Amino acid sequence: MQQKSKLFLQALKYSIPRLGKCMQKQHLNHCNFADHYYNRIKLKKYHLTKCLQNKPTISELARNIPSRSFSSKDFLPIKQENEKSLSKNMDVFEKVRTKLETQPQEEYEIINAEVKHGGFVYYQEGCCLVRSKDEEADNDNYEVLFNLEELKLDQPFIDCIRVAPDEKYVAAKIRTDDSEASTCIVVKLSDQPVMEASFPNVSSFEWVKDEEEEDVLFYTFQRNLRCNDVYRATFGDNKRNERFYTEKDPSYFVFLYLTKDSRFLTINIMNKTTSEVWLIDGLSPWDPPVLIQKRIHGVLYYVEHRDDELYILTNVGEPTEFKLPPWACGFIMDTNSDPKNCPFQLCSPIRPPKYYTYKFAEGKLFEETGHEDPITKTSRVLRLEAKSKDGKSVPMTIFHKTDSEDLQKKPLLVHVYGAYGMDLKMNFRPERRVLVDDGWILAYCHVRGGGELGLQWHADGRLTKKLNGLADLEACIKTLHGQGFSQPSLTTLTAFSAGGVLVGALCNSNPELLRAVTLEAPFLDVLNTMMDTTLPLTLEELEEWGNPSSDEKHKNYIKRYCPYQNIKPQHYPSIHITAYENDERVPLKGIVNYAEKLNEAITEHAKNTGEGYQAPNVVLDIQPGGNHVIEDSHKKITAQIKFLYEELGLDSTSVFENLKKYLKF
């Protein structure tokens with residue numbers, strides 16, 4: 001019997017792991033599925049003809065959901081959600097504020113992984129994987145399950161945790177800051193926990209329990225940044241480890257996702273524009289997987305399950321009927337559905353920090369509605385809109401101190417990314433906090449190529465539309481200056497990885513807008529990189545940047561904006577570049593070549609300018625290790641801040657004193 005459902009797929013707030021040149025420590029964690037595709041994929045309710053036929057449903061397992069995912073409470077009707085009063089929310093805020101104010105600021109830390117399962121919380125304490133009873137999670141009363149030092153790694157940390165359904169085993173993925181390589185350990189939970197197995201180079205992994213009550217671990221193996229193989233393993237008396245799927249197309253990436261109710265395991269095979277999903281029955285994991293829909297170029301879709309129905313999130317306009325096994329029925333959704341009919345609230349197109357709400361006025365600043373940061377109560381957040389060359393409205397998010405006066409004389413730090421359909425990160429960082437406290441204005445430009453405004457926003461900034469992102473960035477900075485936020489001599493710009501393309505391009509086309517730039521692991525030599533198919537990510541990246549080797553149109557277009565190709569003798573802003581010696585995503589060679597060519601152009605310009613010319617500084621800071629972006633590196637943070645203050649001629653004494661409150665030097 002077919003069932004109707006008006007549920008909006010809030011459950012499916014997940015996506016591909018952060019692929020490409022954009023990966024950071026958090027990005028590598030497949031547990032933290034990206035929010036950006038959720039807001040970009042169309043949703044339309046559509047019944048499938050195949051229904052559940054007497055297939056027993058599995059009881060809801062206490063799945064180990066990471067903090068950014070959801071629990072079963074997410075399925076409560078929205079009416080119940082709205083009944084939570086504002087006063088209760090403010091009580092929570094006050095409790096958080098009180099707790100933070102009463103603990104030493106040196107103890108602020110970002111938790112890498114924490115999982116609740118059954119009556120326990122699993123997390124990292126010091127150099128150990130531990131668990132404690134849920135009600136004792138804030139105390140020091142915990143059980144040590146595994147000492148990470150046994151792996152003989154340099155400063156290891158836990159990236160992801162998964163607990164077997166009946167808590168006989170726990171699996172954890174362990175990494176280090178200086179490498180993207182990871183190890184997955186499996187610990188048998190007993191009176192004396194012991195490591196049962198370890199697997200190298202694991203990307204994603206999930207537990208299911210078969211019909212004989214045996215725990216089965218599914219995991220994907222990553223080699224040279226490519227993830228194409230899926231394995232399954234059992235432990236105890238019936239040990240086995242076998243590969244049962246290999247993706248032969250090197251431009252695709254494979255990752256695993258367990259549906260929220262733990263009923264099905266999905267094998268997701270995708271590149272930047274196309275996906276294919278295979279379904280594994282959580283009750284019969286040894287049966288062959290079932291194909292949901294064969295890959296079709298340009299079609300992305302994802303699968304979730306609830307109450308014996310599948311929910312399929314897709315970007316196709318009119319859904320086609322998928323051939324599903326007799327035990328599956330569900331809905332296909334696209335954005336033609338009216339969100340007002342959905343019992344779950346949509347996220348805003350751009351997700352600002354949760355403590356702020358805004359009211360939009362067309363072409364003007366967003367106006368605050370009275371909410372302020374409950375912890376600091378010292379900063380203000382605004383939203384501003386810029387008009388790009390083609391008339392497209394480009395949103396920005398701006399932070400500054402509440403009591404700041406004469407903003408035109410304040411230093412400005414602009415953030416940009418604009419690639420892969422990813423949202424620009426605006427998460428809390430200690431260095432951002434101290435800059436705002438020291439009078440800086442922080443601006444986040446949500447340019448085309450990112451994912452803040454949906455799939456089309458990304459499409460309008462990739463391939464032969466990359467220059468749109470550059471036009472947007474230029475318009476944003478000019479609008480900031482026009483609205484009284486700083487001035488070119490006090491304006492700085494920062495980006496990491498693929499964001500370096502737009503920053504480098506702006507330095508070539510409009511260097512007069514900037515005083516200084518900081519880049520981390522920047523992608524600066526697009527043309528030569530995309531023509532080198534021996535690099536591990538070139539084939540995956542073709543849908544984003546184009547194929548200059550076989551398409552002359554793509555080649556000529558890349559030449560128009562590629563930072564390395566367009567360096568010329570002129571005045572540049574000072575540039576600080578942090579690069580990593582063994583970075584596999586953005587090869588060091590391209591960054592070094594860029595720095596050398598830039599120095600040559602600056603030297604030539606200085607000769608032609610004459611005496612008295614003050615040449616900009618170009619600093620190339622090469623760090624050891626094989627990671628791509630090390631977000632929490634104290635050395636990197638202090639070097640970048642020191643550079644910005646020196647270039648702007650500012651006193652950095654107070655900012656470093658404040659930074660010491662957050663970072664353990």
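**Exercise 1.** In this predicted model, find which residues of helix H4 are buried, and work out why H4 counts as largely enclosed by the rest of the structure.

*Solution.* Start with the cut-off: a residue is buried when its relative accessible area is under 20%. Going along H4, that picks out Pro-430, Glu-431, Arg-432, Val-434, Leu-435 and Val-436. The helix spans residues 430-437, and 6 of its 8 residues are buried, so H4 is largely enclosed by the rest of the structure. Next, look at what surrounds them: the buried residues pack against strands E22 (379-387), E23 (393-401), E24 (412-416) and E25 (441-445), and also against helices H12 (634-648) and H13 (653-659). Finally, step just past the end of H4, where Gly-439 has a positive phi of about 100°.

**Exercise 2.** Which residues touch the most other members of the largest nonpolar core, and what is Leu-493 in contact with, leaving aside its neighbours within four places in sequence?

*Solution.* The core has 87 residues, and those touching the most other members are Val-414, Leu-473, Leu-480, Leu-493, Val-526 and Trp-545. Now take Leu-493: beyond its sequence neighbours within four places, its contacts include Leu-413, Val-414, Val-416, Leu-473, Val-503 and Leu-506. A second, separate core holds 17 residues, among them Ala-197, Phe-199, Tyr-231 and Ala-233.

**Exercise 3.** Give the strand order of the open sheet of 4 strands, and explain why E5 and E8 each have one side without a neighbour in the sheet.

*Solution.* The order is E5-E6-E7-E8, with antiparallel pairing. E5 (156-163) and E8 (194-200) are at the edges with a single partner strand each, so one side of each lacks a neighbour in the sheet. On average, neighbouring strands are turned by 25° against each other, direction ignored. Zoom in on E5 and E6 (residues 169-176): they pair over 7 bridges in the antiparallel sense, and Cys-160 sits opposite Lys-173 in E6.

Note on methods
Residues numbered from 1 in each chain as written. Predicted model: local features only at pLDDT ≥ 70, side-chain atom pairs only at ≥ 80, totals over all residues. Heavy atoms only, no water. Pairing = 2+ DSSP bridges. Helix = DSSP H or I, 4+ residues; strand = E, 2+ residues; numbered from the N terminus. Axes fitted to C-alpha atoms, helices over the stretch in contact; angles between N-to-C directions. Core = buried A, V, L, I, M, F, W, Y, C linked by side-chain atoms within 4.5 Å. Buried < 20%, exposed > 50% of the residue type's maximum accessible area, 1.4 Å probe, protein only. Contact = heavy atoms within 4.5 Å.
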